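Please look over the following sequence and structure with care, and then read the explanation beneath them, which moves step by step from one feature to the next.

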Amino acid sequence: MFGLPMADDLQTLIDDASFDFATGDAEGALAKLARATAAAPDSFEAWHACAEVNFSLRRLQPALAAADQAHRLRPADLFINTTLSRIWMELGDKPKAEHFGAQARMAGWKEELKNPPPKTQ
């Protein structure tokens, strides 16, 4: 099952890693995410999850490396730009944090323009 290429298997592995992390098994989550990123290096979801787990563990350099990989795959994604902003702020680089924060805000605005809220009467 987890030899991977199939999208369903990959998503199941990422979901299992997320469950592991949520239930306190961060190392198990990272092991599954390492398998996912090795088998599918173009998986934005796996790289982003890896960045978030590492960030929550205060492993800032691995978090940054994973976030950079995710960002290469989807540079306009609101969530990865937010993640990068948080990582750079923790690393003490306020200009980079502000850059990625601005990118996240722009992505959010673009999404709002595509899907405006319904008008109230």
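**Rings, core and pocket**

In this predicted model, Arg58 lies over the face of Phe55, at 5.4 Å from the ring centre. A second arrangement of this kind involves Trp88, whose face has Lys96 lying over it at 4.3 Å from the centre of the ring. Pairs formed between two aromatic rings are another matter, for the structure holds zero of them.

From the rings we can turn to the nonpolar core. The largest such core has 29 residues, and within it Leu33 and Leu84 are those with the most contacts. Two or more residues of this core come from each of the elements α1 (7–22), α2 (26–39), α3 (44–56), α4 (60–73), α5 (78–90) and α6 (94–114), and the largest share, eight residues, is given by α3. To see what surrounds one of these core residues, consider Leu33: if its neighbours within four places in sequence are left aside, Leu33 is in contact with Ile14, Ala17, Ala46, Ala49, Cys50 and Val53.

The last stop is the open space at the protein. Which residues line the largest pocket? The lining is made up of Ala76, Asp77, Leu78, Phe79, Gln103, Met106, Ala107, Gly108, Lys110, Glu111 and Lys114, and the volume of this pocket is about 190 Å³. Both α5 and α6 supply at least two residues each to the lining of the largest pocket, while α6 gives the most, with seven residues.

How values were computed: Residues numbered from 1 in each chain as written. Predicted model: local features only at pLDDT ≥ 70, side-chain atom pairs only at ≥ 80, totals over all residues. Heavy atoms only, no water. Core = buried A, V, L, I, M, F, W, Y, C linked by side-chain atoms within 4.5 Å. Buried < 20%, exposed > 50% of the residue type's maximum accessible area, 1.4 Å probe, protein only. Helix = DSSP H or I, 4+ residues; strand = E, 2+ residues; numbered from the N terminus. Contact = heavy atoms within 4.5 Å. Phe/Tyr/Trp six-rings, centres within 6.5 Å; stacked < 30°, edge-to-face > 60°. Lys NZ or Arg CZ within 6 Å of the ring centre and 35° of its normal. 1 Å grid on protein atoms, 1.4 Å probe; cavity = no way out; pocket = protein on both sides within 12 Å on 5 of 7 lines; lining within 4 Å. Points joined across faces, edges and corners; volume = space filled by probe spheres on them.
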